[in-house]
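Student: Could we go through this structure together? I'd like to know what stands behind the labels people put on it.

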Amino acid sequence: MGISAGLSLLATRHAAARVAAMCYERRMASSPTPAAGFRRPVPLDRATRLLNHGPTVLVSAEHAGRRNVMAAAWNMALDFAPPKVAVVIDKIAFTRGLIEASGRFALSVPVRAQAALTTAIGGTTGKEVDKEAALAGLAWIDEPSSTSPLVEGCAAWLDCRLIPEPHNQQAYDLFLGEVIGAWADRRVYSEGRWHFEGFDDLRTLHHVAGGHYLLPGESVDG
Ligand SMILES: Cc1cc2nc3c(=O)[nH]c(=O)nc-3n(C[C@H](O)[C@H](O)[C@H](O)COP(=O)(O)O)c2cc1C
């Protein structure tokens, strides 16, 4: 492909992504969730910022009336428009089957106050326990516009459509998703920036090993 054809393809892709983002924002604006509390929609073209600082996430999915959630430290943003994410989901995870069956998953970004819950979610399997019943503190958000369950009490949420890549899934346990909905707690994220000052319990978790995490510290502009 020549450079001008390449640039025009890029421009078309970005125009399509802008239209999709406008439709998304209009849909979000016209259907406010009654119990949203501090949760606010995040423009889709900024959704990857919710992961840019490298937090551990909770991966949830639902199929045939069964909901489940696991922890995943190995996740990252992949693209702006349309926004995409990647997450490693081991074959032993019960959540993996729910994702493959439903074609959907959500990432919720847990916080300091949920450190023990996050370790417990990642240390138990839905094959053996109903985590919702077994783990105190695990609750779902009533967010009708999300296609997968979102975990209550987190700082940010990304609703994703699985981009099926059977080879990557099988060979590398690598799952890709297009972000189709995004929200963040406005107390710690607004206008494209995280700002944790004054909200220590809402600092996100950055996994080191076992049940040990680092918290994000101060910010700096370069
Ligand atoms: C902090 C933390 C991070 C984890 N990161 C990942 C990960 O990136 N990928 C993965 O496949 N499993 C990861 N795990 C393990 C899964 O969460 C674990 O296998 C879980 O039991 C799967 O739950 P499920 O079987 O109910 O789906 C992690 C666990 C913890 C505690």
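Tutor: Sure, let's begin with strands. Three bridges join β2 to β6, and the two run antiparallel. A word on the source: this is a predicted model, where local features need pLDDT of at least 70, side-chain atom pairs count only at pLDDT 80 or more, and totals for chains, interfaces and linings use all residues. Residues are numbered from 1 along each chain as its sequence is written.

Student: What makes β2 a strand in the first place?

Tutor: Strands are DSSP runs of E with at least two residues, while helices are runs of H or I with at least four, all numbered from the N terminus. β2 spans 57–63.

Student: And how do you know that β2 and β6 pair?

Tutor: Two strands pair if DSSP finds at least two bridges between them. β2 and β6 have three bridges, so they pass. L58 stands opposite S108 in β6.

Student: How many bridges does β2 make with β3?

Tutor: Seven, again in the antiparallel sense. Here L58 has A71 of β3 as its bridge partner.

Student: Why is A64 called exposed?

Tutor: Count C-beta atoms, placed from the backbone: 20 or more others within 10 Å of a residue's own means buried, 12 or fewer means exposed, and in between is partly exposed. A64 has 7 C-beta neighbours inside 10 Å, so it is exposed. A64 sits in the loop between β2 and β3, a hairpin with two residues between the strands. Its phi is positive, about 50°, although A64 is not a glycine.

Student: What about E191: buried or exposed?

Tutor: Exposed, because E191 also has 7 C-beta neighbours inside 10 Å. E191 is in the loop between β9 and β10, and its phi is near 45°, a positive value in a residue other than glycine.

Student: What makes T147 partly exposed?

Tutor: T147 has 17 C-beta neighbours inside 10 Å, so it falls between the two cut-offs. T147 lies in the loop between α4 and β7. It touches R104, D159 and I180, leaving out residues up to four places away in sequence; touching means that the C-beta atoms, placed from the backbone, lie within 7 Å.

Student: How do you know that the buried residues of α3 are on the same side?

Tutor: Those residues are L117, T118, I121 and G122. They cover an arc of only 130° around the axis, so they are on the same side of α3; the arc is that of the directions from the helix axis to the C-beta atoms. Their cover includes β2, β3 and α4.

Student: Why call something a nonpolar core?

Tutor: The name means a set of buried Ala, Val, Leu, Ile, Met, Phe, Trp, Tyr and Cys residues joined through C-beta atoms within 7 Å. The largest one here has 48 residues, and V59 is among those with the most contacts inside it. The largest share of this core, six residues, comes from β8. As for V59, its contacts beyond four places in sequence include V69, V87 and L107.

Student: Which residues are closest to the ligand?

Tutor: M70, D90, T95, G122 and T125, out of 23 that surround the ligand; to count, a residue's C-beta atom, placed from the backbone, must lie within 6 Å. β3 gives the most to this shell, with four residues.

Conventions:
Two residues are in contact if their C-beta atoms, placed from the backbone, lie within 7 Å.
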